[in-house]
Amino acid sequence: PYRIKNISNEGALVLADKRFGAGTELNLSMDVPGDNMPVFASCQVAWQDRSSDEGPHETGLKFVKINNADKGRLLEYIYLQWLRILDRK
């Protein structure tokens with residue numbers, strides 16, 4: 001399992017213990033808090049922090065294929081989190 005550090009409608013920044021080359025294809029399953037079904041996406045590694053040999057490594061993933069319903073659920077969660085942040089200001 002990888003920890004998602006940042007997410008958008010285009011991709012995700014994950015912390016990975018493993019090194020990946022740019023272009024590596026990965027299948028991602030994401031648990032959305034408050035939702036009982038995971039979101040599935042096919043991703044491609046866009047970049048990875050190579051500042052040290054030891055992990056975790058920041059890894060930029062680009063969503064290549066994601067079901068429209070899954071993307072909608074993910075974007076709804078992102079939007080609600082964004083609103084919560086705005087309410088705190």
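This report describes a five-stranded sheet in a predicted model, and then one residue within it.

Local features are taken at pLDDT of at least 70 and side-chain atom pairs only at pLDDT 80 or more, whereas totals for chains, interfaces and linings use all residues of this predicted model. Residues are numbered from 1 along each chain as its sequence is written, and side-chain values use heavy atoms, with hydrogens and water left out.

**The sheet.** The open sheet of 5 strands follows the order β1-β2-β5-β4-β3 with antiparallel pairing, where strands are DSSP runs (E, at least two residues) and helices are runs of H or I of at least four residues, both numbered from the N terminus. Two strands count as paired if DSSP finds at least two bridges between them. Because β1 and β3 (25–30) stand at the edges with a single partner strand each, one side of each is left without a neighbour in the sheet. Neighbouring strands are turned on average by 40° against each other, direction ignored, and helix α1 (residues 68–88) packs on the sheet, touching β1, β3, β4 (39–48) and β5, with its direction at about 135° to that of β5. For these angles, axes are lines fitted to C-alpha atoms, for helices over the stretch in contact, and values run from 0 to 180 degrees between N-to-C directions.

**Strand β2.** The two pairings of β2 are set out below.

| Pair | Bridges | Direction | Opposite residues |
|---|---|---|---|
| β1 (residues 3–7) and β2 | 4 bridges | antiparallel | Ile4 and Val14 |
| β2 and β5 | 6 bridges | antiparallel | Leu13 and Gly60 |

With 3 residues between them, β1 and β2 form a hairpin. Strand β2 (residues 11–16) is largely enclosed by the rest of the structure, because 6 of its 6 residues are buried, meaning under 20% relative accessible area with a 1.4 Å probe and protein chains only (exposed is over 50%, partly exposed in between). Gly11, Leu13 and Leu15 point one way from β2, while Ala12, Val14 and Ala16 point the other way, and all are buried.

**Thr59.** Within strand β5 (residues 57–66) lies Thr59, which counts as buried because its relative accessibility is 1%. Beyond its neighbours within four places in sequence, Thr59 is in contact (heavy atoms within 4.5 Å) with residues including Ala12, Leu13, Val14 and Ala16, and also with Phe20, Val45, Trp47 and Gln48. The side chains of Thr59 and Gln48 are joined by a polar contact of 2.7 Å, a term for a pair of N or O atoms within 3.5 Å of which, within protein, one must be able to donate a hydrogen and the other to accept it, residues adjacent in sequence counting only if both atoms are side-chain atoms.
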